[in-house]
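Biologist: Got a minute to go through this model with me? I'd like to talk about rings, then one arginine.

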Amino acid sequence: MDMDKCIACGTCAEKCPKKVDDAFNQNLVKRKAAYVEYAQAVPLKYAIDKDHCIYFEKGKCRACEKLCPTKAINFEEKEARLNLNVGAVILAPGFKPFDPSRHQTYHYARYPNVVTSMEFERILSATGPYQGHLQRPSDHKTPEKIAWLQCVGSREIHHCDHGYCSSVCCMYAIKEAVIAKEHAGSALDCAVFYMDMRTHGKDFERYYNDAREKHGVRFIRSRVPTIEKAGDDLIIPYVNEKGEVVEERFDMVVLSAGLEISSDALDLAGKLGIDLTEGQFCKTDTFSPVRTSREGIYVCGAFQGPKDIPQSVIEAGSAAAEAGALLSRARNSATKQKEVAAERAGDIRRPRIGVFVCHCGTNIGGVVDVRAVRDYAATLPFVEFATDNLFTCSTDTQGMIAQLIKEKNLNRIVVAACTPKTHEPLFQETLVNAGLNKYLFEMTNIRNQDSWVHKNDPKKATEKAMDLVRMAVAKVALTTPLKEAEVDINQRALVVGGGISGMTAARTLSRQGYRVTLVEKTPDLGGQARDLFRTWKGEDIQLKLADLVRSVEEDSDIDVHLGSELSQVEGFVGNFKSTLTSKVGAQIVEHGIAVLATGAHEHKPEEYLYGKDPRVVTHLELDRRFLSRDPSLKNIKTAVFIQCVGSREPQRPYCSRVCCTHSIESALHLKELNPDMNIYILYRDIRTYGEREYIYRKARLEGILFLQYSKDQKPKVTAAQDGLVIEVMDHNLGQTVEMKADLLSLATAIVPHRDQKLAQFFKVPVNEDGFFVEAHAKLGPSEFATDGVFLCGMAHYPKPIDESVAHAQAASSRAVTLLAKERIRVGGTVAYSNPVVCSSCGVCIEVCPYSAPSFIAKGPFAGKAEVNAVLCKGCGLCVSSCRSGALNLKGFEEGQIMAMIDEM
C-alpha cells in the first residue's frame, strides 16, 4: 500500500472477497484481507494482509488493485530495511495478554461465553463486534449475570510460570463491571471473584468503593477452581468466606487475563544483551528505574514490569529524560522546524460556518439522533456546510476538516462532540493547519452535557443537542481572530523539595544543561528516605541516597538552599520570580519553570497503643532500628505487623501503596536476624503488585503467617507485662485468634503536607485528600494545568522509590520541552479592560486567582485596572465580578454570550 496515495476511502476492503478473523476485535468477528487495523488508527491507511490475501495464496484476484481510485495498491512492494545511527535506544515493546486456553479448568477454548478481559473490552466498545451493545457471543442474548475471575495468568506457577501480579487486572475488572452496568442497566448482576483487591493507584480505592456501594458490584473473595457448562449458561462453584460451598449460574464469565512478555520482545532483549528478571521483564535498579543493563539503552512501559497507563506515561517521560541527558550536547543539531500554514488573509467578516457533529461511537450516537442534528445544523444562518462523523477526533477526520475548510472557504468551525477540556486543542490545531485562526472555533459538548445525562430520553437529548448547536453557531458567527502573546523563557529551573524526587529532578535538569535552584525547608537533603532501610530488591537505600546527595551537592549547576522556604511567588510561565526565606534572610530567584516535589510524611496513629507502649512502632521507626543495628531485635520471639493503619479509612479513603511491600521486606529482615522468630502480618488485602509478589511468596515460604481482617473487625491490642496481646478475627477459620507479641509494627498511612500556601503561590489544585492534582490522570501525570509548573513524587500520591525517581525524571522531561525553547506563545482567550469605564474598585484584583489584573501606575489612566495577558488564564472571574462593565473576555464577549442566550 502506497501510504501517500491511500485516502482511506475503504473501497479495497469493500470489494475484497476474502474474510478473515479480526485480531483487533479479538477474533469475535471477521474483517477483510484488505483492512485498516481499527477506526482510529494513526495513520489511517489501509493494508493488505499478505498471509490471507487470495493473490498471495493463489496468484489471482487483485480486485482491490483494479478498483482503488488512487492506484495506491502495489503488489510488487518489497520489505525495506533501514539503518539508523542513533545515540540512545528506548525499548517500549509492551506486553501481550496471557492466553487462558492453557488454563484448561476454565474451558476458555470450549465455552463461547467464557471470554477474556480484552474480548470483553471490545464487546463494550462502540467500534467493537457488537457496536457497543452488551451481548454474549453464543446467542447474542443480553446477559443478566456476569462474573469476573481474577488472577488468570498472574500470581500462579501451576498453569504458567507467572508468579508476579499483573498490577492492572483488578482495576480493569472493576471498570468493566461498572461500564457493563451502564450499558445494560443497574439490574445487571456483576460479581468479581478475587484473592486480594489491588486498587493501589491514585483514586483507585474510591472507584472500588463506588463500584461496590453505588453501582452494586459484588466482590467475592474466593479462588474459583473451575467453570461448568449448563446449556449456554455457566456454573461457578466456589467456597465463600464462611467456608461454605456455593454454586452460582452466570450468563457470561470474564477471565481477567494477566500480562506477559511476548517471544518477540524476549528475542529483542537477547539480541541487545539486556538482562531480564525472574518474570522475564527488563531488569533495572530502584534508583535507575529505566536504565537497562546496557549503557545507552532505556526501557519504559510494561516491558519494565506490569503497570497501568499513568505509570507507563511517567516511565516514557523518564526514559526520554535519560536519553535527553545522554544526548544533551547534540540538542537542536538535527532539528527540523515545523512548517505552519500561513494564516488566511482574506475577508472573514461574513461568516461561512462549517458544523461537524460527532457520533463518538455510541457515546453520543447511541442516544442522540446525530444525523437529525446534522440536518438541522445545515439550516442555521451562515452555515455553509454540515456533516456527521463516527469519531470527529480521528486523524482522518482532522485531515478531512482541514481539506473542507479550504474547499468550502469556511472561516468559522463548530464541532459538536465531547468535552473541549480534552479535545479543543486538537481541533484548533486542525484550523491552524488549514490556515485559519484557531480562535474562529466553537466546541459544544453534546456528550457530557447531553447524551450522558439524558441517556433514558433520546428524543429530548436530540432536541437539546440541536439547541446546543444552535447556540454554538450563534456565538461563533461573532468571533474574531485573536492573537497570542509571546513570552521569553528564563532557562533556570526551580525545584521545591529536597527528597529523592526533588534531588532527582534537579540532577536530571542539570544533566540536560540547565541551571537549577533546589529549595529544601529542612537542614538536610534526603527527605523521608533518610529513615528507610532497604528496597524490596534488597538494595541499601542509605548507600544509594548518599551517592545521590553527593552528586547534587557537587554539581556546579545546582544551587542548594537548605533551611529555606518560598515566601512569595510572582510571574508566569517562563518568567517566575520567587522569594526564598531562611534564617540568613531573603533571596529572589528568577526561573522559567518550577517542579514541586514536596513529598509527604508518615501518619502518627492514635490506635493500637501507639505512643503509649514502646513495643508499638510505626514502620519507619522500625526501619530506624534496622539502620542503627539495634541488637534487641534479635531477641524478639514474636513480631506482629498490622496493615492499613490510617489508610483505606473514611477520613483517608486511599491506599498508601508502599506499606504491604515494606512490611513484608521488614518481616523478612527480622527472619534474617532471628530465623526462629514467629511473625504475623494482619492485613485487609495484600498489595504486592508487579514483581513485588515474589517477596510475598518468599515470606510465606519462610514461615511468615498472614491473617486477613476486615475494616469492621479490626485487631484489638492490649498491653501485658510479658507482651502485647493481639486479638484478630480470622475469617478463614471463623474464629478469633490471639497472639502475644514482643513487637508490633504499624503500617501507617502516607499523609500529604496539604501545603495550601504553595498551591496558591503557583495556582495549582489540591484534591480532597491533600495531594496535588495533575493536569490529566493518565496523559499528564507529571504536570499541572498551570503552564510551567510540574510535579513529582509523593506530593502527587504515595509511591515507592523507583516510581518516585521515574516521576521526577518525567517531570524534568516535561519541563525541558519548555526550557528548550527561547520563546513560547500563551493563550489568546484573555480578559481586557476599558479604562474609560473602570471605576477603580479593585474587585478584579481581589478575585483573580492568577494575579493578572493590576492598577495602571502612570499616565492618563493611572489607578485604572489593566490585565496582564500573559498571566490571564481566561477564567472570566474578573469579568463576571466587574461592577462597571469595564472588563470583557476575548472569545467570550458580552455580545457572544447574549447571542447564545437569545438562542436558548
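Modeller: Sure, definition up front: rings of Phe, Tyr and Trp (its six-membered ring) pair if their centres lie within 6.5 Å, and planes under 30 degrees apart count as stacked, over 60 as edge-to-face and the rest as tilted. This is a predicted model, where local features need pLDDT of at least 70, side-chain atom pairs count only at pLDDT 80 or more, and totals for chains, interfaces and linings use all residues. Residues are numbered from 1 along each chain as its sequence is written, and side-chain values use heavy atoms, leaving out hydrogens and water.

Biologist: Which residues do ring pairs link into a cluster?

Modeller: A search of the whole structure turns up 19 aromatic pairs. Ring pairs build a cluster from Tyr-55, Phe-56 and Phe-75.

Biologist: What is the angle between the planes of Phe-120 and Trp-148?

Modeller: Both Phe-120 and Trp-148 are buried (under 20% relative accessible area; exposed is over 50%, partly exposed in between, with a 1.4 Å probe and protein chains only). Their rings sit 5.4 Å apart centre to centre, and the pair is edge-to-face, with the planes at 85°.

Biologist: Is Arg-648 buried or exposed?

Modeller: The Arg-648 side chain makes a polar contact with that of Glu-205 at 2.8 Å and another with that of Asp-685 at 2.9 Å. A polar contact is a pair of N or O atoms within 3.5 Å; within protein, one must be able to donate a hydrogen and the other to accept it, and residues adjacent in sequence count only if both atoms are side-chain atoms. With a relative accessible area of 6%, Arg-648 is buried.
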